[in-house]
Amino acid sequence: MNVACRLLLALMIALTSLSAMSPERAEQSSDDTEIRIGNLMPSGNLAVFGAIGKAEAAYFDMINARDGINDRKIRFISRDDNSDPTVALDLTRGLVERDNVHLMFGSFGTPGNLAYGAS
């Protein structure tokens, strides 16, 4: 495949992905005062790794104490998925659809990550 064909293919994929964006999500208003970040941490057998979520929360608190990012505070929303993939999937959907997080950050655990790929 020559370079021109590769560029054409890349352009077609980019345009197709733009058309696949959800208009519902694009119409939501952005909040100029905060950046919402979602996170899932485990309990149960993997509860010891919940310390990672506490460290992430402390980091975002430090950023907020230094006036945030471009004068926007970070709201770090962390949920407990009980190390269960189905719970992780439901909680992630809730964070995105109801809590309107801008991104998911630092979620821990193979079961939860496998659930994201299955959706």
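Before anything else, a word on angles: axes here are lines fitted to C-alpha atoms, for helices over the stretch in contact, and the angles run from 0 to 180 degrees between N-to-C directions. Keep in mind, too, that you're looking at a predicted model.

**Stop 1: the whole chain**

Show everything as a cartoon and colour by secondary structure. You should find 5 helices and 3 strands. Walk from the N terminus and the elements come in the order α-α-β-α-β-α-β-α. Switch on a surface: the accessible area of the chain comes to about 8,100 Å², with 59% of that belonging to carbon and sulfur atoms. Of the 119 residues, 26% count as buried. Contacts reach a long way along the sequence here: among those with a separation of 6 or more, 71% are between residues 24 or more positions apart.

**Stop 2: the sheet**

Now select the strands and hide the rest. In what order do the 3 strands sit in the sheet? Reading across, the order is β2-β1-β3, in an open sheet with parallel pairing. β2 and β3 are the edge strands, each with a single partner, so one side of each has no neighbour in the sheet.

Zoom in on β1 and β3. These two run parallel and are joined by 2 bridges. To see a bridge pair for yourself, pick Gly38 and look across to Met104 in β3, its bridge partner.

**Stop 3: helices on the sheet**

Bring back α3, residues 50–65. This helix packs on the sheet, where it touches β1 and β2, and its direction makes about 165° with that of β2.

Then add α4, residues 85–97. Which strands does α4 lie across? The answer is β1, β2 and β3, and α4 runs at about 175° to β1.

**Stop 4: a salt-bridge network**

Time for side chains. Searching the whole structure turns up 3 salt bridges. Select Glu34, Arg36 and Arg75 as sticks: these residues are linked in a network of salt bridges.

Start with Glu34 and Arg36, whose closest N and O atoms are 3.3 Å apart. Are they buried or exposed? Glu34 is buried, and so is Arg36. For Glu34 the relative accessible area is 16%, and buried means under 20%, so the label follows.

Swing over to Arg75, which bridges to Glu34 with the closest N and O atoms at 3.2 Å. This pair links distant parts of the chain: Arg75 sits in strand β2 (residues 73–80) and Glu34 in strand β1, 41 residues apart. Arg75 counts as partly exposed because its relative accessibility is 36%.

**Stop 5: Arg79 and Asp99**

Stay on β2 and move along to Arg79. Its salt-bridge partner is Asp99, the closest N and O atoms being 2.9 Å apart. Why does this pair tie separate parts of the chain together? Arg79 lies in strand β2 while Asp99 lies in the loop between α4 and β3 (103–104), so the bridge spans parts that are 20 residues apart in sequence. Both ends are partly exposed: Arg79 has a relative accessible area of 31%, and Asp99 has 22%.

**Stop 6: Thr33 and its contacts**

Select Thr33, in the loop between α2 (23–26) and β1. Thr33 counts as exposed, with 51% relative accessibility. Leaving aside neighbours within four places in sequence, Thr33 is in contact with Arg72 and Lys73. Try a distance label as well: the C-alpha atoms of Thr33 and Asp71 are 7.3 Å apart, though the two residues are 38 residues apart along the chain.

Lys73 gives you a way on to α3, where Asp61 lies. The C-alpha atoms of Asp61 and Lys73 are separated by 9.0 Å, with their positions 12 residues apart along the chain. Asp61 is exposed, at 52% relative accessibility.

**Stop 7: a nonpolar patch**

Finish with the surface on, and colour Val48, Phe49 and Ile52. What do these residues form on the surface? They make up a nonpolar patch with about 260 Å² of accessible area together. Val48 is in the loop between β1 (34–41) and α3. Is Val48 buried or exposed? At 62% relative accessibility, Val48 counts as exposed, since the cut-off for that label is over 50%.

Notes: Residues numbered from 1 in each chain as written. Predicted model: local features only at pLDDT ≥ 70, side-chain atom pairs only at ≥ 80, totals over all residues. Heavy atoms only, no water. Patch = residues over 30% accessible without salt bridge, like charges linked within 9 Å, V, L, I, M, F, W, Y side chains within 5 Å. Areas by Shrake-Rupley, 256 points an atom, 1.4 Å probe, with all protein chains shown as cover. Salt bridge = Lys/Arg side-chain N within 4 Å of Asp/Glu carboxyl O. Helix = DSSP H or I, 4+ residues; strand = E, 2+ residues; numbered from the N terminus. Buried < 20%, exposed > 50% of the residue type's maximum accessible area, 1.4 Å probe, protein only. Contact = heavy atoms within 4.5 Å. Pairing = 2+ DSSP bridges.
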